[in-house]
Amino acid sequence: SPPDPFSSPFMANLIVHGGKPLTGRIVPSANKNAVLPILCATLLTQEPVRLVGIPEITDVKKILEIFRMLGSRVEVDFATGVLDVHHLETRFDEREHRLPEEMRSSIMLVPPLLARFGVARIEDDVKGCSLGMREIDPHVEVMQRFGAMVERTVDGLLMRSPRPLQASEHWLDYASVTTSENFVLCAALASGRSVLMNAASEPHVQEFCAFMKMLGAKIEGGGTSRLVVEGVERLGGGEFTFAEDFHEIVTFLALGAITGGNVTVKNSTPEQFPLIDRTFAKFGARIVHEGGWSRVETDGPLHVREPFTRNILQKVEAAPWPYLPVDLLPIFVALGVRAEGSMMFWNKVYDGAMGWTSELSKFGAHAFLADPHRIITFGGKPLQPATVESPYIIRVAIALLMLASSIPGRSTIRNATPIRRAHPHFVENLVGLGANIEWTDSA
């Protein structure tokens, strides 16, 4: 049998035979950034919860393993995408139980543990992908605001809190998605009214708030920068169906554009796409939304649309929503390398998140790193297949794959395993669109 490219610490390569237009229809999976906080939030209730559309990704499996370790009942069928979870007999012992390391989302298990058991841990090695420094201080500060006492141990932080947690008002330094979600997780069962200013408003935060309200949480302001949460004594259960991941929708549309193909993707939330649509248009690609589906159209090769202000470069700026999300920036960098003309890309969130663009030169691409936040692509240059190294960043691996898919010949994306952290059956979906691509052992 072929090697399992998704079992840690196994790392796998992708072999891409590119140059073929991708064509067909795709139904995207759920958004990892909505699924993981919602999974963590189920710990807040002792009633049964059913989640529909659960993706078979590594981070989901790690959290489910934690639930089983804590004594929760977990029944999952990834073939149908149905998860039933019941935390009635769950227990937590800080001397015995450890949260998963090397997974950023595990920090969202801390507020439910504090609310349920009055104690939780944060391991020293809580991290996600390699997007620069990912500090935990804002999360710790939020939990302290709700009454948690923090003790530094040899291998992490130990937190103890009153039960129920005490309501709080807080103003974030910046609109952090995970910190905003942690605030809501703390506030849902806290005594009193909690208010968060400068809250994140991304689609996955809105989906998370919708789930919490389904459980019975009293939340106002989802989708805005001000969240108000009135604490309740207990939360209920119920059934929740995930929406399609807008990251994956954009990814497959971009794969159609960069290969000159015809890709259509299921999309039940086109109202979230006006800025994304305009960003595609900067590369000469048009997105059409019809009947719950979205498709990409191009008139010949991609080209950078010249701005009316001719003495400046056309640019793509990425920052917290409602800006273009920074997670999507690598996808558009790949389009910038392919499109005729020059484009500046500006990551306004992470320091040093553009260092991977040096790998683009192996394809023959011209990309200039202007500073830790900005690069300029000089697209439309002759490209050739290559072997490139992917950092541990999900959509960078995908961006490199996109470029390889547009180039005739055999390319290798080394260490592409992070793709599986967010996109189940990603390669199988590409094969269904006509791609010639396969996993191989990195040894």
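Predicted model: local features only at pLDDT ≥ 70, side-chain atom pairs only at ≥ 80, totals over all residues.
Does cysteine 40 count as buried or exposed, or what is its relative accessibility? At 0% relative accessibility, cysteine 40 counts as buried.

Technical notes. Residues numbered from 1 in each chain as written. Heavy atoms only, no water. Buried < 20%, exposed > 50% of the residue type's maximum accessible area, 1.4 Å probe, protein only.
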